[in-house]
Amino acid sequence: MPSSHETSLLPVFVPDTKVWLDVCSWSVAAGFPSPAADHTRKRIDLNEHLIRNGDATFIFKVKGDSMIDAGIYEGDALLIDRSIEPRHGNIVLAVLNNDFTVKRLHKRGGVIKLVPENKIYPTITVKDGEDFDVWGVVTYNLHKLY
């Protein structure tokens, strides 16, 4: 089990129901306020918007702080897609010697590293003979703001 300061994950149950939200037809300024229309223009289902492959997508809750410089904080919910081929630079859910961890994947010249996004933690170099697999690629971070 990863130590408490590592970023580890806990599975979250996702019900198989549609979540419909109204989508506004205007952009929102992050500086000065702009007038808003009285009505929205269309509705979207968050499942269709956030999930590329429902059978291969899972949500995990983050525990730890090793990815805070990537904007991933303790308590965040990560959408992880197992159908995406992991590539250099992706943030992934990896399994190293039976421990799950979220890190940025570094794959160059036959060397595989798991890079934290918090400078207080060291990069992990995967050594020959270690049990390693990329469980899935992180596609979204659902970060609560209130």
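Which residues does Phe 132 touch, not counting residues up to four places away in sequence? Select Phe 132 and look around: its partners are Ala 94, Val 95, Leu 96, Leu 105, Ile 112, Leu 114 and Val 126. Contact here means heavy atoms within 4.5 Å.

Before moving on, a word about what is on your screen. This is a predicted model, in which local features need pLDDT of at least 70 and side-chain atom pairs count only at pLDDT 80 or more, while totals for chains, interfaces and linings use all residues. Residues are numbered from 1 along each chain as its sequence is written, and side-chain values use heavy atoms, with hydrogens and water left out.

**Stop one: Phe 132**

Stay with Phe 132, which is found in strand 10. Strands (E, at least two residues) are DSSP runs, numbered from the N terminus. At 21% relative accessibility, Phe 132 counts as partly exposed. That term covers the range between buried (under 20% relative accessible area) and exposed (over 50%), using a 1.4 Å probe and protein chains only. Now add Asp 99, 33 residues away along the chain: the C-alpha atoms of Phe 132 and Asp 99 are separated by 9.3 Å.

**Stop two: Trp 135 and its rings**

Next, select Trp 135, which counts as buried at 16% relative accessibility. The structure holds three aromatic pairs. Rings of Phe, Tyr and Trp (its six-membered ring) pair if their centres lie within 6.5 Å; planes under 30 degrees apart count as stacked, over 60 as edge-to-face and the rest as tilted.

Show Phe 60 beside Trp 135 to see an edge-to-face pair, 5.3 Å centre to centre with 85 degrees between the planes. Phe 60 lies in strand 4 (residues 57-63) and Trp 135 in strand 10 (residues 132-142), so this pair ties together parts that are 75 residues apart in sequence. Both Phe 60 and Trp 135 are buried.

Then bring in Phe 100, whose pair with Trp 135 is also edge-to-face: 6.4 Å centre to centre and 70 degrees between the planes. Because Phe 100 lies in strand 7 (residues 99-108) and Trp 135 in strand 10, the pair ties together parts that are 35 residues apart in sequence. Phe 100 counts as partly exposed, at 35% relative accessibility.

Add Phe 58 to complete the view: ring pairs link Phe 58, Phe 60, Phe 100 and Trp 135 into a cluster.

**Stop three: Val 102**

Finally, pick Val 102 in strand 7. At 0% relative accessibility, Val 102 counts as buried. The C-alpha atoms of Val 102 and Trp 135 are separated by 9.9 Å.

Notes: Helices (H or I, at least four residues) and strands (E, at least two) are DSSP runs, numbered from the N terminus.
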